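Please look through the sequence and the three-dimensional structure shown here before reading the report that follows.

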Amino acid sequence: MNFTRLVTITAFVSALVPLCAPAQDAGEPYSTHVSKKWKISDRSRPMAVVVTPGTASTDEQPGRPPSDAIVLFDGKDLSQWVGRHGEPAPWYVGNGYFSTEPGKGDIHTKQSFGDCQLHVEWATPNPPHGKDQDRGNSGIYLMSLYELQVLDSYNSTTYTDGQAGAIYAQFPPLVNVSRPPGQWQTYDVVFHGARYSPDGKILRPASETVLQNGVLVQDNSVLTGPTNYMSRPPYKPGPDKAPLLLQDHDHPVRYRNIWIREIKEPAP
Ligand code: MG
């Protein structure tokens, strides 16, 4: 092939590429894999397939903190946490765990975090009480914005993007690997926050990978923006770090062994 012909073909292909590129939604100038087939929290959408976790909930320490982790709860006190008005965290501390105090409001960390690896252990009430979303409901909000759902999803149905392991109202879990009420469960999360240009345009959406009880339930899910009930609000420019928040949804859900490792930006 001579050079002139190669240049002509290259120019032709270059002209075609924008025509072939997938259209982007207005207000969503990035790719997420959120389903367009189902409505938000669509109750006709099939629930995640049930999988039995391989590790036993009786394992004493399924995720001991590594040496460089920031320990957010070591079984003793809530000194790393505060209530919604900055007061000492008003939740109950038991023997090696703490619990939501229904009606006392959300709590969040004193420290702010952005990109991170997070380990959390949680258990829903036993005996179980209520059904659907009114059954062992709490939540872990990365940067106080993005809820990883905590719910009793063991032999219990709800809308699939609201069950345990879901990024609430955006991504159902890949499988339902929930343990029975009262048994300890683990979340291991890799989270990357959104980035914005100085003029407020989004450069990178937030993304989240989650293992529940050692099984992948979110595979680098690219978020549409903050999570919310029955809507998907757009991103709003904000800081790279914000507190980690735990939701009070009026159910006494227990937590223990929470630690976090910040993911540093690579050196330029
Ligand atoms: Mg919740």
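## A buried asparagine

With which side chain does the side chain of asparagine 213 make a polar contact of 3.0 Å? The partner is the side chain of arginine 179, and since this is a predicted model, the reader should take the contact as a feature of the prediction. A polar contact of 3.0 Å also joins the side chain of asparagine 213 to that of glutamine 185.

Asparagine 213 is placed in the loop that connects β12 (207-212) with β13 (215-222). Its relative accessibility is 2%, and because buried means under 20%, asparagine 213 counts as buried.

## The loop between β8 and β9

Two residues of the loop between β8 and β9 can be set side by side, namely leucine 174 and serine 178. Serine 178 has a relative accessible area of 7% and is therefore buried, whereas leucine 174, with a relative accessible area of 49%, is partly exposed. The side chain of serine 178 makes a polar contact of 2.9 Å with the side chain of asparagine 176.

Leucine 174 also belongs to a nonpolar patch on the surface, which it forms with Leu211 and Leu216. Together, these residues have about 230 Å² of accessible area.

## The nonpolar core

In soluble globular proteins, nonpolar side chains tend to be buried together. In this model, the largest nonpolar core has 44 residues, and those with the most contacts inside it are Leu118, Ile140, Tyr255 and Ile258. Several strands give two or more residues to this core, among them β1 (70-73), β5 (107-113), β7 (138-142), β9 (185-192) and β15 (254-262). The strand that gives the most is β6, with 4 residues.

## The magnesium site

Which protein atoms are the donors of the magnesium ion? They are OD1 of Asn137, O of Ser138, OE of Glu147, OE1 of Gln149 and OE1 of Gln247, and they lie 2.2 to 2.3 Å from the ion. Along the sequence, the spacing of these donor residues can be written as N-S-x8-E-x1-Q-x97-Q.

Among the donors, asparagine 137 and glutamine 149 form a pair that links distant parts of the chain, being 12 residues apart. Asparagine 137 lies in the loop between β6 and β7, while glutamine 149 lies in strand β8. Are these two residues, asparagine 137 and glutamine 149, buried or exposed? Asparagine 137 is buried, and glutamine 149 is buried as well.

Technical notes
Residues numbered from 1 in each chain as written. Predicted model: local features only at pLDDT ≥ 70, side-chain atom pairs only at ≥ 80, totals over all residues. Heavy atoms only, no water. Core = buried A, V, L, I, M, F, W, Y, C linked by side-chain atoms within 4.5 Å. Buried < 20%, exposed > 50% of the residue type's maximum accessible area, 1.4 Å probe, protein only. Polar contact = N/O pair within 3.5 Å; in protein donor to acceptor, adjacent residues only side chain to side chain. Patch = residues over 30% accessible without salt bridge, like charges linked within 9 Å, V, L, I, M, F, W, Y side chains within 5 Å. Areas by Shrake-Rupley, 256 points an atom, 1.4 Å probe, with all protein chains shown as cover. Salt bridge = Lys/Arg side-chain N within 4 Å of Asp/Glu carboxyl O. Donors = N, O, S within 2.8 Å, 3.2 Å for Na, K, Ca; no water.
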